[in-house]
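User: I am new to this structure and would be grateful for a close look at a single part of it. Please describe how that part is built, and then what is found elsewhere.

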Amino acid sequence: MAEAGLSSDAAAAPAAPTRRELYEARQRRRSVTIAAASTALVLAAIVVLVPLAPGWEAVQRSFFNGEVFARTFPGLVNAFVLNIAIFAWCAPTIAILGLAVALCRDVRAPVLFPLRMFGALYTDIFRGLPVILVIYLMGFGIPGLGLPRPWNSPYLWGSVALVLVYAAYVAEVFRSGIESIHESQRAAATSLGLSDRDTMRYVVLPQAIRNVMPANMNLFIALQKDVALLSFIGPVEIFRQAGVYKSLFANFTPYVGAALIFLAITIPATRYADYLLHRQTRQRR
Amino acid sequence: MTAKLSLKAVSKSFGHNHVLRGIDLDVQTGQMACLIGASGSGKSTLLRCINLLEPIDDGAIVLDGQDIAEPGLDPQPVRQRIGIVFQSYNLFPHMTAVDNVMLAPARVYGRSRAALKAPVTALFERFGLAGHMQHYPDQLSGGQQQRVAIIRALAMEPEIMLFDEITSALDPELVGEVLDVLRQLHRDGMTMILATHEMGFARELADTVCFLDAGRIVEEGPPSALFSAPRQERTRAFLSRVLT
């Protein structure tokens, strides 16, 4: 029946949905219904079952206390300004150092071999260590040298530790970007008489940096979270401030508040990175 | 008369793969030499060697009496005198057509964009692309991209132009516009070496045609002789395969 209709009406009524479109619409309705039903079921289970747990009353009091939340939230936001400040000076330093290390690893002249080895060694070491360990070693070790103020600040050396570790990852990302540029681009630039330096600066790097933009975005989102690790060596940023409030009020709600503040920054940033990545894959097709 | 460019016993191998096994070739000023032969016969490698993109193992490449394949010689000034255009265009995708063309003269010769504007615009006009100067490569057709690539090489004011199968990646209806550019350059007296599969074009314009097989020039001669009365069996076999 449908086939007979198709063969006679296809030309006459271009607006009518095709057999395939009808089928796909049916499939879509079906999957939307299933997704909605299963989501509702899971939510209902959480809402009904969790309060039935024996400790729910106690958890609610110590993690979701409205009064404590209201009194500590402004202080947490204030402390988060320090996180942003640390991030703000670490991020550009990391980008520059990471790029420099990536370029070290790409040098081809034999005289510069030590530079190349330094690049490889650097990325191997700092990617091989837990971030918190580097922060401890630098944050406690270097101020121990007895340097004069401000060079003995754990705030400073903790940030330096973050920069060193993250620059190693960023360098690897940049390097993969540089290697993703096809050799024919270099050949074209070289054949025009451009020097290696100009080829890198005007032909390879602009393309490479654009290609690895989403990957680097993800690293910087991770950095935003890892700034909280500095709390272990002193600076009163949001995580440490939450800890102070926890002791003050004998209540865990400030941690929930801190989590919400982090998410307010990281979720939009993650979505944006995904959007960039998505746009790029679409362009390549 | 001494040749503009002359290759003497040029050989090149990649590992155990002998791609060029002693190539001798003279190209006079204003001449067009066509290299024909099956894929893998060494045409592309020969062009890349002349442009010093690949170092040769043995032999000499003499440009105006100077051996440019001399080990230790700075290749950069030589490359400025020899332009090359590739099969896959290799335009810089992040720059507009005009920036693609201006980059090398600006950086290598230190010319300002203002000084380059007039000559570069003239080149775009000459090859029918005046309306596309501000377009990015992905906004241009294959034929237009290849013409921009030719303009980019010409902007360095080379003395010799090398063309590496520049029409092979094009849709058939776009081949003509690129070949027209070559005709124009030939008329203007540019010295050119082409690796090509366009036998009709080689026959029409080439001053000399070389048939390459397994890294050697098997036969060389004016197109009238080589295409109508090939002396070598291998040349005959190749031509009968491609001229069907």
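Analyst: The account below begins with one sheet and then turns to other parts.

This is a predicted model, in which local features need pLDDT of at least 70, side-chain atom pairs count only at pLDDT 80 or more, and totals for chains, interfaces and linings use all residues. Residues are numbered from 1 along each chain as its sequence is written, chains are lettered from A and ligands numbered from 1 in the order in which they are written, and side-chain values use heavy atoms, with hydrogens and water left out.

The part chosen is an open sheet of six strands in chain B, with the order β6-β7-β8-β3-β9-β10 and mixed pairing. Helices (H or I, at least four residues) and strands (E, at least two) are DSSP runs, numbered from the N terminus, and two strands pair if DSSP finds at least two bridges between them. At the edges stand β6 (82-85) and β10 (216-221) of chain B, each of which pairs on one side only. From one strand to the next, the twist averages 20°.

Within this sheet, strand β3 (residues 32-36) of chain B has a neighbour on either side in the strand order. With strand β8 (residues 191-195) of chain B, β3(B) pairs in the parallel sense over four bridges, and Met32(B) has Met192(B) in β8(B) as its bridge partner. Strand β9 (residues 208-213) of chain B also runs parallel to β3(B), joined to it by four bridges; here Ala33(B) stands opposite Thr208(B).

How much of β3(B) is covered? Five of its five residues are buried, where buried means under 20% relative accessible area, exposed over 50% and partly exposed in between (1.4 Å probe, protein chains only). In a regular strand the side chains alternate between the two faces of the sheet. Both faces of β3(B) are covered, with Met32(B), Cys34(B) and Ile36(B) buried on one side and Ala33(B) and Leu35(B) buried on the other.

Helix α6 (residues 172-187) of chain B lies across β3, β7 (160-164) and β8 of chain B, at about 150° to β8(B). For such angles, axes are lines fitted to C-alpha atoms, for helices over the stretch in contact, and the values run from 0 to 180 degrees between N-to-C directions; contact means heavy atoms within 4.5 Å. The loop between β7 and α6 of chain B holds Glu165(B), which has a positive phi of about 45° although it is not a glycine. Most residues other than glycine have a negative phi, and most peptide bonds are trans. Glu165(B) counts as buried, at 10% relative accessibility.

Chain B also has an open sheet of four strands, with the order β2-β1-β4-β5 and antiparallel pairing. Its edge strands are β2 (17-27) and β5 (66-67) of chain B, each with a single partner strand, so one side of each is left without a neighbour in the sheet. Strand β1 (residues 5-14) of chain B pairs with β2(B) in the antiparallel sense over eight bridges, and Leu7(B) has Leu25(B) in β2(B) as its bridge partner. Helix α1 (residues 43-50) of chain B packs on this sheet, touching β1, β2 and β4 (58-63) of chain B, and its direction makes about 115° with that of β1(B).

The contact between the chains takes 18 residues from chain A and 22 residues from chain B. Together the two chains bury about 1,600 Å², 64% of it on carbon and sulfur atoms; buried area is the accessible area (1.4 Å probe) that two parts lose on being put together, summed over both. Of the area that chain A buries against chain B, Ser191(A), Leu192(A) and Tyr202(A) supply 36%, more than any other three residues.

In chain A, the loop between α11 and α12 contains Ala250(A). Phi of Ala250(A) is near 50°, a positive value in a residue other than glycine. With a relative accessible area of 67%, Ala250(A) is exposed, whereas Glu165(B) is buried.
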